Each structure stands twice: as C-alpha cells, then as structure tokens.
Amino acid sequence: MSNTPMAASPLTRAVLEIDEYASGLGWDQPARLFALVDTARLRVQEPSLAAQLGLGEESGATGLTPIEQDEIPSGKPLDEFLGTIAWPDAVVGCALTVERLMLPPSAEAQVPQGLSEAKLTKWVAEHPERQEVRMTVAVLRDGSRESALRLREKDSATEVLTGPALVPGLAEALAATFAD
C-alpha cells in the first residue's frame, strides 16, 4: 500500500502511510483517528486480523500498523472528543488526520479584534491568502511525535512536509489520550 521511504523511522512511515491513505480519499473529508499497534505483536496476538490487513510473515512488514477507528462524531469539538478517549495497552500510539484552513504568519496582524469564533472562521475562510492543509499527527506512548502536512494546492506525495513539531497543539492533545 505504501510508497513511504524505508529509511524513515517507523513512526514517520506510519504518518506517511496515513497521509497517503487520506490523500487517496480526496479532500473535504472528516477527521480520521487511527490506533497505532506494533506490527510484530499484532501478528502474534491477532494472526487473523494481521492476515486480513495483509501483514503475513511473508509481507516483511515491521514497525507500526495504523488501524482506523470509528468515525469521529460530527458536531462535537475535536478537543472535547479527544478528551473522551482511552486506549488499551496493545495500542502503542495514535494518529489523527484533519483538514484545516491556514493563514501565513503575515496575516496575524490583519485579524480583526473581537470576532466571535464563527465570524473568525468566516474571516479566515474568505481571506485571499488562506491555504487548505491536511495535517496528520501521530504520537507514541513514549512521547515520540511525528507530523505530515500536505497543502491542497501542492497535493503531491513529493510535497509533503514532515517533522515532529509541526503541529504541537494537536500532538499535545493526542498525547493526553495516553495520560493515566
């Protein structure tokens, strides 16, 4: 399924695999949540599921396997929804892919003061310098983080930006789903 670079860390490969999957679904998609499980452990503990996912021993797949979760409820703010999640021990990490509008830092000085959240959202949506971006952010229980950003106007696998600190707020919210 994946064309991700083999030299990348398992977490980076998982993020890029999820980004590739989301890209195949097209734009204007709802947020999607994934559990990340250790592929070798999945093969041993859930062989039928591993086989269903194409992770047989002959596949050579190692690292992390993303497993998409049930649809995120619409109408509930993402931060509130994330606050309701608890993962079983078999889940070593999680990832989320979400689309948002972004403005360049230069637009920050132009933001009108005193706007309600709805009016601010509308202002951003109508701003001539807005960019649509798909963010895929993943965290592991051990604190590792990775992100992938894809701009709609540069929708190509070779134009995906990756790094551990690209979306720190979302990474923090995902990490909190592992807090005791």
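This tour visits three residues in turn and says what is found at each.

The model is predicted, so local features need pLDDT of at least 70 and side-chain atom pairs count only at pLDDT 80 or more, while totals for chains, interfaces and linings use all residues. Residues are numbered from 1 along each chain as its sequence is written, and side-chain values use heavy atoms, with hydrogens and water left out.

**Stop one: Asp19.** Select Asp19, which sits in helix H1, residues 10–25. Helices (H or I, at least four residues) and strands (E, at least two) are DSSP runs, numbered from the N terminus. Asp19 is buried, because its relative accessibility is 2%; buried means under 20% relative accessible area, exposed over 50%, and partly exposed in between (1.4 Å probe, protein chains only).

Next, add Arg150: its side chain and that of Asp19 are joined by a polar contact of 2.5 Å. A polar contact is a pair of N or O atoms within 3.5 Å; within protein, one must be able to donate a hydrogen and the other to accept it, and residues adjacent in sequence count only if both atoms are side-chain atoms.

Then show Arg134, Thr136, Ala148 and Val160, which along with Arg150 are in contact with Asp19 when neighbours within four places in sequence are left aside. Contact means heavy atoms within 4.5 Å.

**Stop two: Pro73.** Move to the loop between strand S2 (64–68) and helix H4 (78–82), where Pro73 lies. Pro73 counts as partly exposed because its relative accessibility is 36%. From Pro73 to Pro10 the C-alpha to C-alpha distance is 29 Å, with their positions 63 residues apart in sequence.

**Stop three: Ala179.** Select Ala179 in the segment after helix H6 (168–175). With a relative accessible area of 57%, Ala179 is exposed.
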